[in-house]
Amino acid sequence: MSFMSASKRLLMLSASQSSALCRCATTNISSKSSFACVQARAFRRGICTSVTQPLRSENKVTVNFINRDGEKITVRGNPGDTLLDVIVDQDLDFDGFGACEGTLACSTCHLIFDEEVFKQLGSITDEEMDMLDLAYGLTETSRLGCQICLTKALDGMTARVPESVADIRQSDGSA
């Protein structure tokens, strides 16, 4: 079962079923970090009433973003949150960023990473690759922020926001 289908399945469950699932082992989900990401999303949406790791301040992960103007912005996020979640939660103003709200239906949360960080991000799905094909300024170390779940190992990472974004909402209608 892919991470996306597992995520959708978890979010569709009733509250009682998902609470039990949030406490269960990581069966049917490919990695523990993916499971933590699913848990965090379910918890934030009120579907899951408990998670195996409490989301306390001492568990925060520091993330550095370099915006389109070259400004470095440092924020902290919870392990299990996606980079898109962090940007939304911290109210960072990156124009057009996250248009599909993390449903893997656009490439507006495209980020570029240093090689060392990129190697720590885990495998990329075919669905993410398809969306990245639509991104402007694609590099060998590009990923979608909605697909990167924070872990303690990523503490202090830096992600660069590309200079432009492929967002049909900002188009003037001419092709």
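1. A good place to start is alanine 159, the bridge partner in strand 5 of phenylalanine 113. This is a predicted model, so please read everything below in that light. Strand 3 (residues 110-113) and strand 5 are joined by two bridges and run antiparallel. Alanine 159 also has phenylalanine 65 standing opposite, and here the pairing is of another kind: strand 1 (residues 61-66) and strand 5 run parallel, with four bridges between them.

2. While you have strand 5 (residues 157-160) on screen, have a look at how its side chains alternate. Met157 and Ala159 point to one face and are buried, whereas Thr158 and Arg160 point to the other face and are not buried. The alanine that stands opposite phenylalanine 65 and is the partner of phenylalanine 113 is therefore on the buried face, given that buried means under 20% relative accessible area.

3. Strand 3 makes a nice contrast to look at next. His110 and Ile112 point one way from this strand, Leu111 and Phe113 point the other way, and all of them are buried. Besides its bridges to strand 5, strand 3 is joined to strand 4 by three bridges, and that pair runs antiparallel. In strand 4, leucine 144 is the residue that stands opposite histidine 110.

4. For the overall picture, the protein has six helices and five strands. Read from the N terminus, the order of elements is α-α-α-β-β-α-β-α-α-β-β. Of its 175 residues, 45% count as buried.

5. Now for the charged pairs: the count of salt bridges comes to one. Glutamate 128 and arginine 143 form it, with their closest N and O atoms 2.8 Å apart. Because glutamate 128 lies in helix 6 (residues 126-132) and arginine 143 in strand 4 (residues 142-144), the pair ties together parts that are 15 residues apart in sequence. Glutamate 128 and arginine 143 are both buried. As general background, side chains of opposite charge can pair when their charged atoms come close.

6. Another acidic residue to check is aspartate 81, in the loop between strand 2 (72-77) and helix 4 (83-89). Its relative accessible area is 3%, so aspartate 81 counts as buried. Across 70 residues of chain, the C-alpha atoms of aspartate 81 and threonine 151 are separated by 8.5 Å.

7. Out on the surface, Asp114, Glu115, Glu116 and Glu140 form a negative patch. One of these, aspartate 114, is found in the loop between strand 3 and helix 5 (115-120). With a relative accessible area of 44%, aspartate 114 is partly exposed.

8. Helix 5 also holds lysine 119. This lysine is exposed, because its relative accessible area of 63% is over the 50% limit. Lysine 119 and threonine 141 are 22 residues apart in sequence, and their C-alpha atoms are 8.7 Å apart in space.

9. Finally, I would draw your eye to two backbone angles. Most residues other than glycine have a negative phi. Glutamate 101, although not a glycine, has a positive phi of about 60 degrees. Leucine 104 also has a positive phi, near 60 degrees, and is likewise a residue other than glycine. Glutamate 101 sits in the loop between helix 4 and strand 3, and leucine 104 is found in the loop between helix 4 and strand 3 as well. Are these two residues buried or exposed? Glutamate 101 counts as exposed, at 65% relative accessibility, while leucine 104 counts as buried, at 12%.

How values were computed:
Residues numbered from 1 in each chain as written. Predicted model: local features only at pLDDT ≥ 70, side-chain atom pairs only at ≥ 80, totals over all residues. Heavy atoms only, no water. Buried < 20%, exposed > 50% of the residue type's maximum accessible area, 1.4 Å probe, protein only. Pairing = 2+ DSSP bridges. Salt bridge = Lys/Arg side-chain N within 4 Å of Asp/Glu carboxyl O. Patch = residues over 30% accessible without salt bridge, like charges linked within 9 Å, V, L, I, M, F, W, Y side chains within 5 Å. Areas by Shrake-Rupley, 256 points an atom, 1.4 Å probe, with all protein chains shown as cover. Lys, Arg positive; Asp, Glu negative; His and termini not counted. Charge placed at Lys NZ, Arg CZ, Asp CG, Glu CD.
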